[in-house]
Amino acid sequence: MFSTSQKIALAMAAAVLLTSNLMPLKSSPVMAALPSETLERGNQIPPAPAEAVEPAGTEDRQTAERPKEKTVDWRVEAGDTLNRIFRANKAPVEDLQEILAADAEYLHLETLRPGTRLGLHFDEQGQFSELILFLDPARHVTYSRQPDGSFVHHAFEEETFWVSEVLRGTINGSFYASAMQAGVTQAQILLIDQLLGSQLNFRRDLRAGDRFSVIVGHETTGTENTGKTRIEALSLERSARTHYAFLYDNGNYYDENGESVTPAFLRLPTKKRYRVSSHFNPRRLHPVTGRIAPHNGVDLATPTGTPILSTGDGIVARIGNHPYAGKYIDIDHGGTHTTRYLHLHKILVRKGAAIKRGQKIALSGNTGRSTGPHLHFEFHINDRPVDPLTADIPTAAAIPEAEIARFNKKLSERLNVMENAASPSDLAMKFAVCPTDLKMGQGELS
Ligand SMILES: [Zn+2]
């Protein structure tokens with residue numbers, strides 16, 4: 001009755017109950033109960049609190065015998081694995097399998113770097129009931145136990161703001177070195193190369209003295225940076241002409257005339273067309289269990305060994321092997337787009353490699369929890385999965401006529417900022433040019 005890949009999808013869906021893909025802006029109730037100073041420490045035991053040295057006799061026997069509801073705060077250290085963390089906290093390792101099943105559509109638990117903060121919640125009965133993963137200062141996800149023993153994933157996001165800074169520099173040597181010196185990151189330089197690469201050759205066409213300005217946005221909660229950045233505008237001034245790229249509300253980049261400079265994408269990652277065996281569906285209803293679970297991508301009925309192509313230029317952000325998602329690749333396309341490829345047979349690229357649109361990155365397969373060969377393909381805009389078959393993917397289209405006035409207003413604001421706003425890289429350059437100035441205040445001027 002079901003095709004093989006439908007069965008796979010159903011099996012994955014069965015592992016997750018009522019997963020919501022919606023991201024409420026409010027913090028979870030668990031967060032409210034999680035002020036860090038009251039948390040029990042996992043791997044760093046704090047000095048005993050005052051109540052631990054209460055005089056005998058005041059102790060209430062009933063509460064002493066009953067396990068209390070608690071949340072253990074755990075900072076991941078080098079060498080930590082989820083398995084080890086669960087054992088150390090006496091959380092059932094069987095639950096970990098259910099949690100990984102719930103994470104297969106997200107892969108959030110795949111990047112447990114040292115310093116990552118986790119919370120392990122135990123209920124009044126002392127039963128492990130929820131894993132909390134803090135992604136950045138504005139975002140966390142929870143995996144909560146359901147009555148049937150499965151776990152469900154929820155995402156929470158606080159309101160954030162973008163704060164801009166201007167980085168300016170002059171070409172002296174390579175663009176790469178000059179931009180790095182101005183404070184532009186490696187990933188941002190690669191994006192600049194993609195945005196302007198069709199207009200000039202960065203190795204051949206730049207001369208010493210050519211100037212550039214980049215407006216970099218930093219995402220913040222108001223008190224803390226989340227670590228996310230974006231290029232909001234850039235200009236590169238050569239003697240022949242000045243090149244521009246402006247980020248517009250739709251996540252794409254345009255030049256000063258409203259023509260697209262975002263490299264276009266392929267719709268699907270295969271050369272030949274394959275049957276869609278399961279569609280994107282944020283609230284897919286499992287016909288047998290009646291559970292609702294998201295399917296964050298589209299499944300293509302590719303036989304094992306089918307060449308898989310990157311749908312856009314980008315950088316290999318992650319590769320991995322997940323018990324449910326199988327061998328997978330994440331590609332960061334710069335700006336706001338990422339793609340994901342699951343259940344691969346063989347990965348042909350390395351993490352960090354620069355990839356061209358249409359480049360062969362893998363052979364499709366049947367790895368992970370998959371009972372038949374297929375490719376699961378995801379397309380994300382601003383970290384949200386969208387339907388790859390219908391999403392508004394970047395094409396070579398210009399700004400629509402109706403929005404030109406709005407675009408031009410934004411463009412002139414950003415031009416003004418690039419030309420006139422104070423820049424930290426300008427200040428850094430002044431100090432670098434004149435290091436003896438720093439000593440003047442100390443009376444060392446000759
Ligand atoms: Zn799928």
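## Strands, cores and distant neighbours

User: Let's start in strand 22: which residue is the bridge partner of leucine 342 there?
Analyst: Strands here are DSSP runs of E at least two residues long, and helices are runs of H or I with at least four, both numbered from the N terminus. Strand 19 pairs with strand 22 (residues 375-381) in the antiparallel sense over six bridges, where pairing takes at least two DSSP bridges between two strands. In strand 22, leucine 342 has as its bridge partner histidine 376.

User: What pLDDT do side-chain atom pairs need in order to count?
Analyst: Residue numbers start from 1 along each chain, following the sequence as written. This is a predicted model, with totals for chains, interfaces and linings using all residues, local features needing pLDDT of at least 70, and side-chain atom pairs counting only at pLDDT 80 or more.

User: Back to strand 19: how many of its eleven residues are buried?
Analyst: Buried means that 20 or more other C-beta atoms (placed from the backbone) lie within 10 Å of a residue's own; 12 or fewer makes it exposed, and anything in between partly exposed. By that count strand 19 (residues 337-347) is mostly covered. The number of buried residues is nine.

User: Which residue of strand 19 stands opposite isoleucine 329?
Analyst: Strand 18 (residues 326-332) runs antiparallel to strand 19, and five bridges join them. The two form a hairpin with four residues between the strands, and glycine 334 takes a positive phi near 75° there. Opposite isoleucine 329, in strand 19, stands tyrosine 341.

User: And which residue of strand 21 is opposite leucine 344?
Analyst: Strand 21 (residues 360-364) is also an antiparallel partner of strand 19, over three bridges. Leucine 344 stands opposite serine 364.

User: Which residues have the most contacts inside the largest nonpolar core?
Analyst: A nonpolar core is a set of buried Ala, Val, Leu, Ile, Met, Phe, Trp, Tyr and Cys residues joined through C-beta atoms within 7 Å. The largest one has 46 residues, and its biggest share, five residues, comes from helix 5 (residues 93-103). The residues with the most contacts inside this core are Leu118, Ile329, Tyr341 and Leu344.

User: Which domains does this core lie between?
Analyst: The domain bounds come from an automatic or database domain assignment. Two domains both give residues to the core, so it lies between them: domain 1 (26-157) and domain 3 (276-386).

User: What do the buried residues of helix 5 pack against?
Analyst: Those buried residues are Leu96, Glu98, Ile99, Leu100, Ala101, Ala102 and Asp103. They pack against helix 4 (82-88), strand 4 (128-136), strand 5 (139-145) and strand 6 (151-157).

User: Over to the open sheet of five strands: what angle does helix 7 make with strand 9?
Analyst: The sheet has the order 7-8-9-10-11 with antiparallel pairing, and its edge strands, strand 7 (161-170) and strand 11 (253-254), each pair on one side only. Helix 7 (residues 186-196) packs on the sheet and touches strand 8 (211-220), strand 9 (225-237), strand 10 and strand 11. With axes fitted to C-alpha atoms (for helices over the stretch in contact) and angles running from 0 to 180 degrees between N-to-C directions, helix 7 and strand 9 make an angle of about 40°.

User: Within what arc do the buried residues of helix 6 fall?
Analyst: Helix 6 (residues 175-182) has Phe175, Ser178, Ala179 and Ala182 buried. The arc is that of the directions from the helix axis to the C-beta atoms. Seen down the axis, these residues line one face of the helix because they fall within an arc of 95°.

User: Which residues is serine 425 in contact with, leaving aside neighbours within four places in sequence?
Analyst: Serine 425 sits in helix 9 (residues 424-433) and is buried, since 20 other C-beta atoms lie within 10 Å. Its C-alpha is 7.0 Å from that of glycine 169, although the two are 256 residues apart in sequence. Taking contact as backbone-placed C-beta atoms within 7 Å, serine 425 is in contact with Leu167, Arg168, Gly169, Ala182 and Gly183.

User: Is aspartate 249 buried or exposed?
Analyst: Aspartate 249 is found in the loop between strand 10 and strand 11. Its C-alpha is separated by 9.9 Å from that of lysine 410, 161 residues apart along the chain. With 9 other C-beta atoms within 10 Å, aspartate 249 is exposed.

Note on methods:
Two residues are in contact if their C-beta atoms, placed from the backbone, lie within 7 Å.
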